[in-house]
Structure formats: structure tokens, C-alpha cells
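Hello,

Here is the structure I promised to pass on to you. Please open it alongside this email, and my notes on what turned up follow just below.

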Amino acid sequence: MKRIIAFLLTVSATFSMMISTAGASGYYSDVSDDAWYNDAVNTVTPFYMNGYEDGTFRPENNVTRAEAAQILYNFKLPLEYGGETIFSDVPYDAWYFPAASWNGSFIGGSKSTPSNSPLGYTAYFYPNEYITREDFAVGLYNRFLASGMN
């Protein structure tokens, strides 16, 4: 449990560092060498987070639920339980489809409603909504539990 808490604190600090101020250097044109979060951004970039196609990181932007699911997906943790969830609002050709399908159910804020679908329900992920810090924390916690870390 101590390993999960330590890791969650590290990830949480990194996540909150993404939402601050901007500049120009390193991997991204909008993250300056003297930005207080520069080291964190440049450390997590090759492994867990990517910027945008235009070469920016957009540190002042909010994070969408799709982006948060992708961050969880990039951890490449083993999965001891759980499985793929098909969300009706996540297109199969979306860049975040694999991430949302495998990690979306771990993140708080998604919901299911009864329907006449073959599964008996329709699941919604809301990929373009901004994720709250609490939903991201729930996602991290649930994903680590599903990987067998406790």
C-alpha cells in the first residue's frame, strides 16, 4: 500500500504540474527551460505523456478524460482483473479508443444506463469533458489495484 501511495503522490504532483504556466524549450515550444515544471514535463514525456502534434505541451490547458485515460494506459501496468469496456461515445477510430476502452471504467465520472443493447446497458465515458482531480485520483487508485499493487 505504501508503494501505491508514494507512486500516486508522484503522479498526482506531475499531473498538477501540467496545469500551470508556459514558455519555450526541451521537447515543447511552450515549455521554457526556466519553467518550474520543465524537469517534470521533460521526464514524463518519453514515457507517460505526449504533447500535441503542433509541438506544444499546453501546460495551462485542462486535461480531458480521453487524455487522462491515455496517461493511465501509458503506464503499461499488468491487469489482474477488469477488461475492455465499449463506451457508446468513444468511436472505434478515435486516437484514445484503446486507452478509454481499457482504462475508462477505472476513472470516476463514467456512467451506464439501462438499454436494449445486447449488453443490457449503454456505457458513456464523456471523452471530451475535462477530468476532475478526484476522478483522476480514483482512476490511478483503481488502475493500480487492478494491477495487483497494494
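The chain has five helices and two strands, and read along the sequence they come in the order α-α-α-α-β-β-α. Please keep in mind that this is a predicted model. Of the 150 residues, 41% count as buried. Among contacts with a separation of 6 or more, 63% are between residues 24 or more positions apart.

**The core**

I would start with the largest nonpolar core, which holds 29 residues. Within this core, V90, I107 and F125 touch the most other members. Two or more residues come from each of α2 (38-44), α3 (65-74), α4 (97-103) and α5 (133-146). Which of these elements gives the most? That is α3, with five residues. As background, nonpolar side chains in soluble globular proteins tend to be buried together.

I107 is a good residue to click on. Leaving out residues up to four places away in sequence, I107 touches R65, A68, A69, L72, F125, I131, D135 and G139.

**Helix α3**

Since α3 turns up again further down, here is a word on the helix itself. It is mostly covered, with nine of its ten residues buried. Those nine are R65, A66, E67, A68, A69, Q70, I71, L72 and N74, so the list takes in R65, E67, Q70 and N74 as well as A66, A68, A69, I71 and L72. Just after the helix, K76 takes a positive phi of about 55 degrees.

**The largest pocket**

The largest pocket has about 350 Å³ of space. It is lined by 17 residues, and those closest to its centre are N50, G51, Y52, E67 and W95. What is the make-up of the lining: how many residues are nonpolar, polar and charged? There are nine nonpolar, six polar and two charged residues. Here again α3 gives the most, this time with four residues. E67, one of the residues closest to the centre of the pocket, is also one of the buried residues of α3.

**Aromatic pairs**

A search of the whole structure gives eight aromatic pairs. One of them is Y48 with F75, a tilted pair with 4.7 Å from centre to centre and 50 degrees between the planes. The pair links distant parts of the chain: Y48 sits in the loop between α2 and α3, F75 in the loop between α3 and α4, and the two are 27 residues apart. Are these two rings buried or exposed? Y48 is partly exposed, at 30% relative accessible area, whereas F75 counts as buried at 11%. Y48 and F75 also belong to an aromatic cluster together with F144.

For another pair, look at Y124 and Y126. Their ring centres are 6.2 Å apart and their planes are at 20 degrees, so the pair is stacked. Y124 counts as partly exposed at 27% relative accessibility, and so does Y126 at 29%.

**The loop between β2 and α5**

Y126 is found in the loop between β2 and α5. Its phi is near 60 degrees, a positive value in a residue other than glycine. P127 has its place in this loop too, between β2 (121-124) and α5. P127 is buried, with a relative accessible area of 4%. Which residues does P127 touch, not counting those up to four places away in sequence? They are T64, R65, A66, D89, V90 and Y96. Of these, R65 and A66 are among the buried residues of α3, and V90 is one of the core residues that touch the most other members. From P127 to Y96 the C-alpha to C-alpha distance is 8.5 Å, with their positions 31 residues apart in sequence.

**One more backbone angle**

R58 is not a glycine, yet its phi is positive, at about 55 degrees. It is found in the loop between α2 and α3, and it is partly exposed, with a relative accessible area of 31%.

If you would like a short route through the model, begin at I107 in the core, go on to E67 at the pocket, and finish at P127 in the loop between β2 and α5.

Happy viewing, and best wishes

Definitions and conventions: Residues numbered from 1 in each chain as written. Predicted model: local features only at pLDDT ≥ 70, side-chain atom pairs only at ≥ 80, totals over all residues. Heavy atoms only, no water. Core = buried A, V, L, I, M, F, W, Y, C linked by side-chain atoms within 4.5 Å. Buried < 20%, exposed > 50% of the residue type's maximum accessible area, 1.4 Å probe, protein only. Contact = heavy atoms within 4.5 Å. 1 Å grid on protein atoms, 1.4 Å probe; cavity = no way out; pocket = protein on both sides within 12 Å on 5 of 7 lines; lining within 4 Å. Points joined across faces, edges and corners; volume = space filled by probe spheres on them. Nonpolar A, V, L, I, M, F, W, Y, C, P; charged D, E, K, R; others polar. Phe/Tyr/Trp six-rings, centres within 6.5 Å; stacked < 30°, edge-to-face > 60°.
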